[in-house]
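Trainee: I would like to learn how to read a two-chain model. Please take me through its features one at a time.

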Protein chains: 2
Amino acid sequence: MSTPALALPRIARVTLNEKAYEGLKQALLAGRLEPGSTLTLRQLAEQLGTSMMPVREAITRLSAEQALAVLPNRGIVVPELSDDDAGDIWELRIKLEGEACARAARHADPAQARHIGQLAAAVESAARRADLHGVLAGNSDFQFAIYELAASPVMLQLIEILRMRSVPHCTAAIRVLLAERPPYYARSWANHAAIVAAIANGEPSGARRAKQRDLREFRAFVNEVRRRPR
Amino acid sequence: MSTPALALPRIARVTLNEKAYEGLKQALLAGRLEPGSTLTLRQLAEQLGTSMMPVREAITRLSAEQALAVLPNRGIVVPELSDDDAGDIWELRIKLEGEACARAARHADPAQARHIGQLAAAVESAARRADLHGVLAGNSDFQFAIYELAASPVMLQLIEILRMRSVPHCTAAIRVLLAERPPYYARSWANHAAIVAAIANGEPSGARRAKQRDLREFRAFVNEVRRRPR
DNA sequence: TATAGTTAGCTGTGATCACAGATGTCAATC
DNA sequence: GATTGACATCTGTGATCACAGCTAACTATA
């Protein structure tokens with residue numbers, strides 16, 4: 001034992017395919033990709049300044065998670081959800097994200113709760129500016145900040161998988177939300193406030209209820225928009 | 001409209017990397033790989049009779065799902081679970097697999113219920129022969145037959161992800177189970193029977209309770225074995 | 001004999017190339 | 001003028017190669 005335990009920071013070995021994966025995942029979670037959008041490996045490789053190799057591994061992963069679909073010899077597409085799959089995913093989101101909010105309420109300290117509140121306020125302010133991109137990104141930040149507090153990496157992973165499929169399914173509805181400000185527009189902020197309050201007060205079941213109410217109402221709104229004739 | 005809608009069966013395009021992935025996934029779910037086992041890309045490629053290419057994409061996917069871990073320049077290993085991660089995964093398994101059993105009880109018809117019962121009997125008979133491999137494979141068949149009945153592809157996907165990490169963590173305990181036949185040995189078959197009965201009688205909440213009891217008791221047994229000095 | 005330094009042999013990662021399959025354009029045909 | 005067929009082009013897939021990093025065995029040193 002000659003070395004005095006320098007405790008050097010572990011060198012993170014980040015491969016290019018991980019970077020590519022992370023970039024595409026964030027794009028999906030933030031709603032920057034809409035169902036039907038098409039991509040190609042060569043395109044993405046050029047954008048990232050790499051060869052096709054890392055990109056295709058990222059795409060393989062995402063298509064395994066069904067966040068993207070590979071059309072043989074025809075490119076990559078952000079998939080549309082069937083009604084069955086959409087319903088299935090909503091049910092699981094309600095279950096898991098509700099649970100995550102409950103755990104967050106159990107673990108959050110006052111500083112963390114305050115931070116969550118600020119993120120919620122940021123979403124609302126982006127909405128007032130009708131800034132679609134800002135709302136989507138802010139929402140993602142707000143929600144995942146809560147799920148981080150749940151201190152369950154495995155649950156976080158599952159929620160990410162569900163949301164990568166769910167978020168693109170919802171962006172069209174959010175666009176309508178910002179343009180038309182229908183009844184759900186106000187309810188949404190009320191639900192966010194209830195979640196923030198329950199977390200601040202350490203009320204797990206209240207947080208779960210508020211989150212689940214928010215998701216159910218949002219689902220209803222998304223379905224309503226989707227049923228409209230184009 | 002000249003073609004009379006032949007409704008030709010869709011040609012399933014199965015790529016080599018999918019086959020490699022599927023093979024490794026089944027090996028993990030059936031408990032044929034134990035924590036600490038090491039693999040290499042070139043080894044696997046030779047076994048499969050392909051180049052490294054399809055194998056590495058399969059490994060990339062599995063390491064993304066944390067079912068395998070890639071040690072840079074040192075091969076691939078079936079990871080050990082930390083206590084935190086193991087606890088995390090158990091909680092989610094209890095939640096999701098319980099829910100899946102409830103849904104199976106809601107949907108199963110008598111023929112399907114009978115089939116589930118046969119699979120449970122097969123596990124028990126393999127156990128009487130102390131056939132580790134048979135128990136592991138049979139158990140996997142039994143459980144996934146139930147989860148198929150839940151008719152929720154998304155839930156099935158999440159359960160697979162959790163089990164790929166959880167099963168290797170448990171094989172050592174199952175080996176002890178077959179060798180020593182401790183108290184849990186009998187309880188286990190009673191729990192299986194309760195699950196089968198609840199599904200046959202269409203009792204969702206009974207099926208959930210029985211499954212969750214089984215998982216909790218199994219977790220306790222696994223932890224007990226792990227705490228033993230080697 | 002014990003230890004430090006070197007080297008040879010592995011590993012996964014990334015780049016490049018060859019190829020089969022799908023698509024859409026465009027000309028030849030009825 | 002509508003329909004069919006061929007062809008050029010673009011796609012993901014798989015193979016092969018080059019490379020840097022880590023190990024472990026080996027050798028030279030004290």
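The dialogue below covers symmetry, the contact between chains, salt bridges and sheets.

Mentor: First, the conventions. This is a predicted model, in which local features need pLDDT of at least 70, side-chain atom pairs count only at pLDDT 80 or more, and totals for chains, interfaces and linings use all residues. Residues are numbered from 1 along each chain as its sequence is written, chains are lettered from A and ligands numbered from 1 in the order in which they are written, and side-chain values use heavy atoms, with hydrogens and water left out.

Trainee: What rotation superposes chain A on chain B?

Mentor: In general, two copies of a chain are related by a rotation about an axis and a shift along it. Here the rotation is 180 degrees with 0.0 Å of shift along its axis, and the RMSD is 0.0 Å; the fit is by least squares on the C-alpha atoms of residues with pLDDT of at least 70 in both copies. That is the relation of a two-fold axis. In chain A, the C-alpha nearest the axis belongs to R61(A), 2.6 Å from it. Both copies use the same surface: 100% of the contact residues of chain A recur in chain B, where contact means heavy atoms within 4.5 Å.

Trainee: How many residues does each chain bring to the contact?

Mentor: Chain A gives 28 residues and chain B gives 28 residues. The buried area is about 2,600 Å², with 62% from carbon and sulfur atoms; this is the accessible area (1.4 Å probe) that two parts lose on being put together, summed over both.

Trainee: How many salt bridges are there between chain A and chain B?

Mentor: Side chains of opposite charge can pair when their charged atoms come close. The rule asks for a side-chain nitrogen of Lys or Arg within 4 Å of a carboxyl oxygen of Asp or Glu. Between chain A and chain B the count is 6 salt bridges, and over all chains it is 36. One example joins R56(A) to E57(B) at 3.4 Å, N to O. Another joins D88(A) to R103(B) at 3.8 Å, N to O. This second pair crosses between chains, from helix α4 of chain A to helix α4 (residues 83-107) of chain B; helices (H or I, at least four residues) and strands (E, at least two) are DSSP runs, numbered from the N terminus.

Trainee: In what order do the strands of the chain A sheet lie?

Mentor: Strands of a sheet pair through backbone hydrogen bonds, either parallel or antiparallel. In chain A, 3 strands form an open sheet in the order β1-β3-β2, with antiparallel pairing; two strands pair if DSSP finds at least two bridges between them. β1 (38-39) and β2 (69-71) of chain A are at the edges with a single partner strand each, so one side of each has no neighbour in the sheet. β2(A) pairs with β3 (residues 75-77) of chain A over 3 bridges, and V77(A) in β3(A) is the bridge partner of A69(A).

Trainee: What is the strand order in chain B?

Mentor: The open sheet of chain B has 3 strands in the order β1-β3-β2, and the pairing is antiparallel. In β3(B), A69(B) has V77(B) as its bridge partner.
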